[in-house]
Amino acid sequence: MPLHVEPVLGLSAEEWQAVRLSLGVAARSVLVSLIPAVGIAWLLARGRFPGRTLLDALVHLPLVVPPVVVGWGLLMLFGVRGPIGGPLHDWFGLRLVFTTEGAALATAVMSFPLIVRAVRLGLEHVDQGLEAAARTLGAGPLDRFVTITLPLMSPGILAGAVTAFAAGLGEFGAVITFASNIPGETQTLPLAIYTATQTAGGEATAARLALVSFVLAISGLLLAELIARRMHLLLGRG
Amino acid sequence: MLEVTLRHRFGRAEANGFALEAGFAMPDSGVTALFGPSGCGKSTILSAVAGLLRPQEGRITLHGTVLLDTAGGIFVAPERRRCGVVFQDSRLFPHLSVASNLRYGLRRAPPDAAGPGFEEVVALLGIAPLLERRPGRLSGGERQRVALGRALLARPRLLLMDEPLAALDAARRGEVLPFLARLRDAAGIPILYVTHALDEVDALADRLVLLEAGRVLAEGPVEALAARTDLPLAARRDAGSLIPCAVAAHDPARGLTRLAFAGGAFHVPLRPEPVGTHARIRLRARDVAVATEQPRGLSTQNILPAILAAITEANAAHEVFLRLTVGPTAILARVTRDSVARLGLRPGMALWAVVKAVTFDHAGAKATTGPDLPDAVRVAEPVADGAPPDERPIPPRPSPGRTPIGRLR
């Protein structure tokens with residue numbers, strides 16, 4: 001982030017760091033969850049298999065379970081001695097706890113239901129008659145998915161990504177539980193705001209960061225709306 | 001040759017499930033219409049042939065290739081059947097331009113598959129000005145024309161049309177119908193055409209498969225089935241014979257066109273089609289009267305010598321069908337039992353069939369004329385009852401190249 005904007009917004013280097021980190025964590029969380037979200041959304045919208053309701057509930061769990069509990073669950077699974085975190089650490093030297101990657105993972109899990117819901121909605125809007133038409137024109141399963149289904153569900157994917165990104169900027173409970181509150185590593189915007197409110201004389205920092213949070217969230221939502229409109233025009237539904 | 005045998009039951013057997021149990025064969029050329037009321041199973045049959053529906057039991061072969069054989073466990077995926085489908089709701093891909101829609105099937109067709117080229121199809125369907133547009137910006141009629149082109153360009157071995165005109169209003173139907181007739185003549189592949197509109201059958205079909213409640217009632221050439229009085233077709237208001245004709249001459253001074261058929265000719269109000277155009281006209285049984293002596297002093301233009309071949313029951317208690325032959329052509333007339341008794345009508349009698357010039361309804365034409373000419377002919381309905389033909393206002397003659405005119409009332 002260029003330094004010359006610093007005086008304009010009146011943010012200190014530490015504050016900028018938190019903003020930057022938040023953006024990075026949110027972006028990574030979206031990148032990580034997008035493809036699995038499309039897969040899960042497909043299963044939920046089109047799949048007919050036993051346990052579909054269970055999968056649906058499992059995906060939506062982070063929406064209803066306290067974020068701290070999600071963070072605790074991640075600690076159990078991905079901790080250095082956890083069933084997933086152990087092998088990751090021992091075999092690949094990968095540590096997720098207390099790292100930026102860990103913060104991104106916690107954010108991804110929390111925003112996963114948001115993406116799945118939006119993608120699924122987008123998929124359910126795709127007229128399966130069009131896929132049938134593509135079949136009769138000689139398009140096989142992958143061909144149909146890439147040329148018909150994916151472009152037609154793309155507004156849903158994009159809406160999900162933007163919403164998850166905006167929500168990911170503000171993830172607090174799961175991040176602080178799983179990745180802790182390390183400035184420059186895992187101290188994202190909400191964590192920095194929380195820390196500022198706990199520090200003597202931190203009121204100004206808290207106010208500035210809160211304003212940034214607000215601006216980012218609003219911009220995200222406006223962007224999502226704008227993209228959705230353009231996409232609908234492109235898809236000929238305008 | 002397409003051969004189809006299907007058994008399919010919707011819903012639970014003990015419930016009032018709809019059962020389809022149908023079999024028919026269609027030749028390698030021309031249009032075979034699957035005709036019947038809504039819910040008779042005609043669209044289900046088409047979906048099964050396309051492979052979009054998997055029937056519980058059945059066998060479908062196309063040119064000897066097995067597409068479906070439930071007994072043998074064979075089910076060829078729709079994308080490998082090479083059956084082009086034109087859906088009622090066109091189903092153009094909204095995110096692609098008209099040109100990309102047209103090329104979608106073409107790109108996926110086997111390289112050795114023969115068929116008309118892109119430019120040829122675009123010209124045939126008159127969609128050149130639409131190529132860069134998105135389907136969302138097209139009218140219903142334009143959309144169906146593009147859908148026709150897209151299906152044809154996939155180089156299919158069989159074209160399946162599922163009520164392609166049913167979603168259009170009368171004006172749009174009139175716009176698309178001549179293109180359908182053109183496509184039929186240019187495609188050179190068999191077409192299975194599902195419809196519940198008799199005028200589309202009249203205009204396009206060579207063969208008819210008549211369906212009712214999931215069963216085939218009859219199949220055969222359209223003219224032959226139209227002349228049968230034992231089918232549900234005979235109960236319709238527009239029941240009658242279908243007569244292949246050719247435009248023999250125009251008489252602009254009298255405002256009449258002469259349509260020749262095997263065994264005679266009809267005079268009808270002036271038609272825009274050039275001499276030589278082949279048309280098929282529907283002569284409704286209720287529009288034909290008979291006389292035992294040659295009538296005189298009658299405004300009616302068409303008084304044809306005929307032989308009464310048979311008297312058959314009509315669905316109404318006090319009416320019968322008279323089967324008349326004019327040369328080799330059969331004509332149906334619907335009269336009351338009282339008329340039969342009054343005139344002493346019996347098979348073998350020589351009669352005069354009386355047909356007003358202005359009674360002719362829809363008709364279809366085989367394109368034997370130039371590409372700019374409308375292929376389907378519709379013959380006008382009555383202009384004004386009672387007025388002698390010479391005093392009738394002559395309808396303005398539409399310029400050639402236009403789509404067929406609708407009914408004149």
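These are my notebook entries on a sheet, some salt bridges and a surface patch in a predicted model.

**Sheet in chain B.** I looked up the strand order first and found an open sheet of 5 strands, β2-β1-β4-β5-β6 of chain B, with antiparallel pairing. The edge strands are β2 (19-26) and β6 (74-75) of chain B, each of which pairs on one side only. I then followed strand β1 (residues 2-9) of chain B, which is joined to strand β4 (residues 57-62) of chain B by 6 bridges, and I noted that Val4(B) has Ile60(B) as its bridge partner. Helix α1 (residues 42-50) of chain B lies across β1, β2, β4 and β5 (65-69) of chain B, at about 115° to β1(B).

**Salt bridges.** I found 30 salt bridges over all chains. One of them joins Arg215(B) to Glu21(B), at 3.6 Å from N to O. Arg215(B) lies in strand β11 (residues 215-221) and Glu21(B) in strand β2 of chain B, so this pair ties together parts that are 194 residues apart in sequence. Both residues also belong to a salt-bridge network with Arg7(B) and Glu57(B).

In chain A, I looked at Arg28(A) and Glu101(A), whose closest N and O atoms are 3.0 Å apart in a salt bridge. Because Arg28(A) is in helix α2 (residues 13-46) and Glu101(A) in helix α6 (residues 100-124) of chain A, the pair ties together parts 73 residues apart in sequence.

**Surface patch.** Finally, I noted a nonpolar surface patch of about 510 Å², made by Leu211(A), Phe214(A), Val215(A), Ile218(A) and Leu222(A). Phe214(A) sits in helix α11 (residues 203-234) of chain A and is exposed, with a relative accessible area of 54%.

Definitions and conventions: Residues numbered from 1 in each chain as written. Chains lettered and ligands numbered in written order. Predicted model: local features only at pLDDT ≥ 70, side-chain atom pairs only at ≥ 80, totals over all residues. Heavy atoms only, no water. Pairing = 2+ DSSP bridges. Helix = DSSP H or I, 4+ residues; strand = E, 2+ residues; numbered from the N terminus. Contact = heavy atoms within 4.5 Å. Axes fitted to C-alpha atoms, helices over the stretch in contact; angles between N-to-C directions. Patch = residues over 30% accessible without salt bridge, like charges linked within 9 Å, V, L, I, M, F, W, Y side chains within 5 Å. Areas by Shrake-Rupley, 256 points an atom, 1.4 Å probe, with all protein chains shown as cover. Salt bridge = Lys/Arg side-chain N within 4 Å of Asp/Glu carboxyl O. Buried < 20%, exposed > 50% of the residue type's maximum accessible area, 1.4 Å probe, protein only.
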